[in-house]
Amino acid sequence: MTDHRHDTDRMTTVVIGSCPNGCQGFEMETEGPDSNVDAYIERLKETFGECSDCGADIGFLRQDEQSEVLD
């Protein structure tokens, strides 16, 4: 068996970050191998770890979605 992935097997990861007090929030989308996505999420946490308005810790939610590309 090979590591070849069909376009219909691709996963898109949506990362949602928000302040528990509702001051700010964001949504980012990425795709790639799990190790790259995990590293991307860690960079987001380091960069946007706390709310710039109130200082509360930003909560993060990761949602993996299968993406289908039709030619």
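Let's start in the middle of the sheet, with one pair of residues: Val-15 has Arg-62 as its bridge partner, and Arg-62 sits in S3. Bear in mind as we go that this is a predicted model.

That pair belongs to a bigger pattern. S1 and S3 run antiparallel and are joined by 8 bridges. Step back a little and you find an open sheet of 3 strands, ordered S2-S1-S3, with antiparallel pairing. The edge positions go to S2 and S3; each has a single partner strand, so one side of each has no neighbour in the sheet. As for twist, neighbouring strands here are turned by 20° against each other on average, if you ignore direction.

Now bring in the helix. H1 lies across S1, S2 and S3, and its direction makes an angle of about 155° with S3. It spans residues 34–47, which is 14 residues, and the distance from its first C-alpha to its last is 20 Å, close to the 20 Å expected at 1.5 Å a residue.

Which residues of H1 are buried? They are Val-37, Ile-41 and Leu-44. These three cover an arc of only 55° around the axis, which means that they sit on the same side of H1. And what do the buried residues of H1 pack against? The answer is strand S1 (11–18), strand S2 (25–31) and strand S3 (59–66). Turn to the other side of H1 and you meet exposed residues instead: Ser-35, Glu-46 and Thr-47.

One more thing to look at is the cysteines. How many disulfides does the structure hold? The count is 0. Cys-23, for one, is in no disulfide, and the nearest cysteine sulfur to its own, that of Cys-54, is 3.8 Å away. Then there is Cys-54 itself: its closest cysteine sulfur is in Cys-19, at 3.6 Å, which is too far for a bond. The cut-off that matters for this reasoning is 2.5 Å between the two sulfur atoms.

Are these cysteines tucked away or out in the open? For two of them, the label falls in between. Cys-23 counts as partly exposed because its relative accessibility is 36%, and Cys-54, with a relative accessible area of 39%, is partly exposed too.

So, to retrace the route: the Val-15 and Arg-62 pair led to an open sheet in the order S2-S1-S3, then to H1 lying across S1, S2 and S3, and finally to cysteines in a structure with 0 disulfides.

Technical notes: Residues numbered from 1 in each chain as written. Predicted model: local features only at pLDDT ≥ 70, side-chain atom pairs only at ≥ 80, totals over all residues. Heavy atoms only, no water. Helix = DSSP H or I, 4+ residues; strand = E, 2+ residues; numbered from the N terminus. Expected span 1.5 Å × (residues − 1). Buried < 20%, exposed > 50% of the residue type's maximum accessible area, 1.4 Å probe, protein only. Arc of directions from axis to C-beta. Contact = heavy atoms within 4.5 Å. Pairing = 2+ DSSP bridges. Axes fitted to C-alpha atoms, helices over the stretch in contact; angles between N-to-C directions.
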